[in-house]
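Let's take a friendly look at this model, starting with its cysteines and then turning to the place where two chains meet.

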Amino acid sequence: MFRFAFRRLLWLVPSVLGVSLLAFLVLSLLPEPAAPARLDAEQWRRRLAASPLFFEVSPADVRSRVAAEVQRIVAAPAGSPDDTTGQEELARLGGAALPVVLPELDALGPSDRTRVALALAPIAERMGLPNAELATQPQHVVVYWNRFWGARAVEFSPATARSAVRRYARYGTEARAAQLRLLDTFALPYLIEALHLPRETADLTELRRVVGALSAVTGRDDRIRAHVSLGEAGAVVYHWQRWWLVYQDDYVRLTGSGRVAAFVMQSRYGKWVYETVVLRMGLDEQGRPVLDDLLARCRVTLTLLALGLALAYLVAVPLGASAAYLRGRVFDRLAATAVIVPYAASPMLLGALVLHWGAPIGQPMVWAVVTLALALAADPMRQSRAALLPVLTTEYVRASRARGAGPMHVLLVHGLRNALAPVATRMATEMPVAITGCFVLEQIFGLRGVGSATLDAVARHDTRWLMAVALGGSVLAVVALVTSDVAYATLDPRLRSSLLRSGRRRA
Amino acid sequence: MSRRVGVGDRMARSTRVRIALVMLAAIVLPAIFAELIAADAPIFAAGPHGVYVLPAVVKPASYHGLDRAGIEALHDEDFAVWPVIRCGPSSTCPEGAHLLGADGRGRDLVARVVYGGRSAIGLAVLALAFATVVGVCLGAVAGYLGGFWDEVLARPIEVVQAFPAIVVVAVVRAAFPDQNAAWSLVLAVAAVRWAEVARLVRAEVIQATAEPWVLAARAIGCGHWRVMRRHILPQAMRPVVVSTMFGVASVVLLETAVSFLGLGVDGSWGAMLAEGLGPASAAATVAGGLALGGTVLAVYFIADAFEEALDARVATTSRELQLW
């Protein structure tokens, strides 16, 4: 049985994947996806819109970008707008560009060589190199950079960069800072690696240094201020991780498996998956991770859902059983009326009525649960009645009655077990209806659950929240299916063997 | 043929089905012919400017932005036949014009109920039609071909069936914010609803494929298409029809809930229900709730009676087994 349940649970993977792909496809039609907190919205949109939806055919990395910028500078006449943009971009790519551009410098023509080398001047200044003014003089600049590369090429290696970051984070001395400054953007991947969520106040010193170095290198001012809480510091860490997700292809050199992964990772879907898995579903506009908010709100909605369903079944199944036993009598009709009327009245009207007369007394949650149970009771009642009827007309029930068994004995021993199995399978298909009811009742009773946040998200075009809710929905659907299957197999032992075999049926 | 007559007969015998049919007709017919019952414009106008039949439908632009006096001035010299309620669902009307009263903003309640019925029933019928076509095709493919196709289709059918419809609606409405709300709702509802139909068809087709008459039909040389159409699908459609009839009730409920939450269409019953939450007036809530409840009950009774009537054994042997 466990093996069976586990195998069914494995269905989570393809269904979550399928649901996320579909929802992403639909939501990508949105005219303007909201930018993550504290990133430049305009730039974000430009970069996002430029990347393909699911698959990047030619992933970019620092080599391709540097080559493109050098080409741009060479092709444009000096002083033209294209030339300026190329120079600015090359300066932004920074230290990560040096290992690509400096060895290639000699391959360019003499005048082009000088122009490209001059574009690197802001980098020399940012690195705090000695004699940085030489980098701005056309007669010295090429020799200057060639000398620099001859002396310093050794330091531009992953191992050196990683240890430089580690040492600076640990000691924070001026010498370590200078060493890190020399690497400029080349150290970015390792700085991002060194980011982690602070667990105690002691972590903040190291973190503050890392974030400070990130701000200095990128010119994006987002530091951890003095006397901040751990939560705020964590938010800054999230911002930087989020920023890295968008900009990393500017600074990283792709090789081997990284290049293969980049085919997917540089698409919008790939970035969203990374954000969801690694960054707790991304940040909302207040800078909190969406997952935390979702879990907090799920607690309300799932409580309402579970209690409402449980109450509905607890009332409806015995009612259906009694109605089946007393079929055709007044009780049967009364019971049927008692469940069908609230069903037809719908959670909307019921909730409005309860709010009008009852809600000032007691907890809104209690009222919501009762209302939901009322609205949901019709189906299980009908099902259990229909399932019991054929059982109650069988020969063995008549024989049992003839031998003197009471009605309770007949219902409990012969009836209920037979009747419950089909009712249990309906649980999974009741779920969507119940969730709609939950959303409505949350709205009516002012509960802060998933429903109200989803309505907000629709109004604000908040893609991240809607994706998170879609994923949550698919998880819930699979869990409900597995639960109802397991319940079915438990209640009806005849089915167990066939269920367990079903996976290999056609193998 | 004889079976169909029998089903109709058995259904018509019960009083509650007759009552339900009358209730349903009282909601569906006005919804179809809404402009004849409540509209700003006349049903028929003939005069110096020409002859118009149903100008509210033919040229709605000429009434746009006019108040009551303006519309009357427009048809001053005409011979005009006006609807019972001279007031559209969204226009404010003077006190005396209402049949059963107005909501907080002076809009006629009957007009709103009638037009709300149009959006609810229309959406349900369209969505169920889409869902049935898709569901029957996919379910038949899964059940008849079996093997790989069944594996590929059966699990998604289950998952879609258990997936919360309201989330699908929210995602679709977010993705098409400006487009026609009714169509995106139809698509969203159909996108979840097809799975139920596909599940039923698949189960029936699997069962029917093993029947001797299907094997016999194959043996005398019928093609797959003919076997499916003549021998399997007629058998498989019975639970689909029952489920679709119950589906009307649940889709109407879903549409109302969606509009109640503000994701749906404007003139819906759900919007009326939502008004009662505020301090404004309970009249709209009561009217919308009664219309919704009446529709759901009527559909439910008819579907229930139909299901029972299909099962000839239950219907004839023991009347006491019937729920109602």
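## Cysteines

This is a predicted model, and a search through all of its chains turns up zero disulfides. Why does A:Cys438 lack a bond to A:Cys298? The sulfur of A:Cys298 is the closest cysteine sulfur to that of A:Cys438, yet it lies 11 Å away, too far for a bond; a disulfide needs the two sulfur atoms within 2.5 Å.

Is A:Cys438 buried or exposed? A:Cys438 counts as buried because its relative accessibility is 1%, under the 20% cut-off. B:Cys137, at 47% relative accessibility, counts as partly exposed.

## Where chains A and B meet

Now to the interface. Chain B brings 48 residues to the contact and chain A brings 49 residues. About 4500 Å² is buried between chain B and chain A, with carbon and sulfur atoms giving 75% of that area.

## Charged and polar pairs

Two salt bridges are found across the interface of chain B and chain A. If you would like one to look up in the viewer, try B:Glu307 and A:Arg382: their side chains meet in a salt bridge, at 2.8 Å from N to O. Polar contact between chain B and chain A comes to three residue pairs, counted with both residues at pLDDT 80 or more.

## The chain B side

Which elements of chain B give two or more residues to the side that touches chain A? They are helix H7 (147-162), helix H8 (165-175), helix H11 (224-260) and helix H13 (283-310). Sorted by class, this side of chain B has 31 nonpolar, nine polar and eight charged residues.

How values were computed
Residues numbered from 1 in each chain as written. Chains lettered and ligands numbered in written order. Predicted model: local features only at pLDDT ≥ 70, side-chain atom pairs only at ≥ 80, totals over all residues. Heavy atoms only, no water. Buried < 20%, exposed > 50% of the residue type's maximum accessible area, 1.4 Å probe, protein only. Contact = heavy atoms within 4.5 Å. Buried area = accessible area lost by both parts, 1.4 Å probe. Salt bridge = Lys/Arg side-chain N within 4 Å of Asp/Glu carboxyl O. Polar contact = N/O pair within 3.5 Å; in protein donor to acceptor, adjacent residues only side chain to side chain. Helix = DSSP H or I, 4+ residues; strand = E, 2+ residues; numbered from the N terminus. Nonpolar A, V, L, I, M, F, W, Y, C, P; charged D, E, K, R; others polar.
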